[in-house]
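Visitor: I have this model open at the bench. Could you take me through the ligand site?
Guide: Certainly; here it is.
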Amino acid sequence: MSSVFSKIISGDISCYKVAEDEYNLAFLDINPLKEGHTLVIPKKNIDYIFDLDNDSYMSLWFFAKKTADNIYKKIKCKRVAIVVLGLEVPHAHIHLIPIESEKDLDFNKERLSFSDFDFKNTLSLISK
Ligand code: AMP
């Protein structure tokens, strides 16, 4: 069964696209922990990140680095944190989250409720 992220890659479901290259895609998390919370995914349909072949794995992390560098320049934060969970969506992905403290990484707390206008505003800052 195809995941919601494969449907984003195929264009069947829309996303707030931050950046894209031949092999990877970055888009805003729809239930963000912080403004600028971004997901970076490979276009290959792989569930578990450590099942990626080496080239795809390296490409994903290099793409995540470029995306995080850009987020860090545009969104006020101490660090852009990296988290890999994959418990909800069975398609490999890296969370990039602009944080001020480790409290910002509590995945159990209530997520921010952003409007379409808010997401587009964030995109205007960080999309490439
Ligand atoms: P996890 O699989 O536990 O790493 O979490 C998956 C993340 O994907 C969650 O933070 C969700 O808010 C996010 N998410 C789920 N569906 C979408 C979507 N259609 N667009 C953007 N983010 C999504």
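Guide: Among the elements, α1 gives the most to the lining of the largest pocket, with three residues. Helices (H or I, at least four residues) and strands (E, at least two) are DSSP runs, numbered from the N terminus. This is a predicted model, in which local features need pLDDT of at least 70 and side-chain atom pairs count only at pLDDT 80 or more, while totals for chains, interfaces and linings use all residues. Residues are numbered from 1 along each chain as its sequence is written, and side-chain values use heavy atoms, with hydrogens and water left out.

Visitor: What is the volume of the largest pocket?
Guide: The volume is about 450 Å³. A pocket here is an open set of points on a 1 Å grid over the protein atoms alone, where a 1.4 Å probe fits, with protein on both sides within 12 Å along at least five of seven lines; lining residues have an atom within 4 Å of a point.

Visitor: Which residues lie nearest its centre?
Guide: Of the 22 lining residues, F5, D29, L39, E88 and V89 lie nearest the centre of the largest pocket.

Visitor: And what takes up that space?
Guide: The ligand occupies the largest pocket, meaning that more than half of its atoms lie within 2 Å of the grid points.

Visitor: Which residues come nearest the ligand?
Guide: There are 17 residues around the ligand, and D29, E88, V89, H93 and H95 come nearest; a residue counts if one of its heavy atoms lies within 4 Å.

Visitor: Where are the polar contacts of the ligand?
Guide: One is at D29, where a side-chain N or O atom is 2.6 Å from an oxygen atom of the ligand. A polar contact is a pair of N or O atoms within 3.5 Å. A polar backbone atom of I30 is 3.2 Å from a ligand nitrogen atom, and a backbone N or O atom of L87 lies 3.3 Å from a ligand oxygen atom.

Conventions. A polar contact is a pair of N or O atoms within 3.5 Å; within protein, one must be able to donate a hydrogen and the other to accept it, and residues adjacent in sequence count only if both atoms are side-chain atoms. Grid points are joined across faces, edges and corners, and a volume is the space filled by probe spheres set on the points.
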